Amino acid sequence: MIEYSDSLEGVEPPQLDGFFVGWPSPPSPERHLELLRGSAAVVLARDGDAVVGFVTAISDGVLSASIPLLEVLPAYRGRGIGSELVRRLLAALDGLYMIDLSCDAELEPFYARLGFRPLERGMGIRNYEATR
């Protein structure tokens, strides 16, 4: 049974292996734990002791937040875990003026079902060496 938590208590790097499938330079499990700890908000999906999904937010805590990462292990996809992670994160961010995210075009229908809508513009820089 999948359980959801906003606590990182007891999470160790070995529990974070297998994420970032297809990334050109995926972060190590140790770096992954650092990014979870540095997030303003995080929700984890767990199957027993295993972390099988997570979503993070960075925020000023007043008006805005951004959702940089949502990941579910490949073996657990298609079960509604990603949707539930986002719903729980949005509940934690309730009351903020804006919650933004960037995603690939094929993921837009997924996020639209959760209340997101396309914005006119967005830009970014990717430094693949920073994930190491």
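Which strand and which helix each supply at least two residues of the lining of the second largest pocket? Strand S5 (98–101) and H3 do so. The legends below describe close-up views of a predicted model.

**View 1. The second largest pocket of the predicted model, with part of its lining from S5 and H3.** This pocket holds about 780 Å³ of space. Its lining is made up of 22 residues, and those nearest the centre are Leu101, Ser102, Arg117, Pro118 and Leu119. S5 contributes four residues, the largest share of this lining. By residue class, the lining comprises 13 nonpolar, four polar and five charged residues.

**View 2. The largest pocket, lined by 41 residues.** Its volume is about 1,500 Å³. Trp23, Pro68, Leu69, Leu70 and Glu71 are the lining residues that lie nearest the centre of this pocket. Two or more lining residues come from each of helix H1 (29–37), strand S3 (50–59), strand S4 (64–72), helix H2 (81–92) and helix H3 (108–113). Of these elements, S4 gives the most, with seven residues. The lining divides into 22 nonpolar, eleven polar and eight charged residues.

**View 3. The open sheet of five strands.** The strands follow the order S1-S2-S3-S4-S5, and their pairing is mixed. Strand S1 (2–5) and S5 are the edge strands; each has a single partner strand, so one side of each has no neighbour in the sheet. On average, neighbouring strands are turned by 20 degrees against each other, with direction ignored. Strands of a sheet pair through backbone hydrogen bonds, in either a parallel or an antiparallel sense.

**View 4. The pairing of S1 with S2 at one edge of the sheet.** S1 and strand S2 (residues 41–47) run antiparallel and are joined by four bridges. Within this pair, Glu3 has Arg46 of S2 as its bridge partner.

**View 5. Helices H1 and H2 on the sheet.** H1 packs on the sheet and touches S2, S3 and S4. The direction of H1 makes about 45 degrees with that of S3. H2 also packs on the sheet, where it touches S1, S2, S3, S4 and S5. The direction of H2 makes about 160 degrees with that of S4.

**View 6. The hairpin of S3 and S4.** These two strands pair in the antiparallel sense over six bridges. Ser59 stands opposite Ala65 in S4. Four residues lie between the strands of the hairpin, and Gly61 takes a positive phi near 75 degrees.

**View 7. Leu63 and its contacts in the loop between S3 and S4.** What does Leu63 touch, not counting residues up to four places away in sequence? Leu63 touches Leu96, Tyr97 and Met98. Leu63 and Leu96 are 33 residues apart in sequence, yet their C-alpha atoms are 4.8 Å apart in space.

**View 8. The pairing of S4 with S5.** S4 and S5 run parallel and are joined by four bridges. Ile67 stands opposite Leu101 in S5. Leu101 is also one of the residues nearest the centre of the second largest pocket.

**View 9. A salt bridge between Arg31 and Glu34.** Side chains of opposite charge can pair when their charged atoms come close. In this pair, the closest N and O atoms are 3.5 Å apart. Arg31 and Glu34 are three residues apart in helix H1, which means that about one helical turn separates them. A search of the whole structure finds three salt bridges.

Note on methods: Residues are numbered from 1 along each chain as its sequence is written. This is a predicted model: local features need pLDDT of at least 70, side-chain atom pairs count only at pLDDT 80 or more; totals for chains, interfaces and linings use all residues. Side-chain values use heavy atoms; hydrogens and water are left out. On a 1 Å grid over the protein atoms alone, a cavity is a set of points where a 1.4 Å probe fits but cannot get out, and a pocket is an open set with protein on both sides within 12 Å along at least five of seven lines; lining residues have an atom within 4 Å of a point. Grid points are joined across faces, edges and corners, and a volume is the space filled by probe spheres set on the points. Ala, Val, Leu, Ile, Met, Phe, Trp, Tyr, Cys and Pro count as nonpolar, Asp, Glu, Lys and Arg as charged, and the others, Gly among them, as polar. Two strands pair if DSSP finds at least two bridges between them. Axes are lines fitted to C-alpha atoms, for helices over the stretch in contact, and angles run from 0 to 180 degrees between N-to-C directions. Contact means heavy atoms within 4.5 Å. A salt bridge is a side-chain nitrogen of Lys or Arg within 4 Å of a carboxyl oxygen of Asp or Glu.
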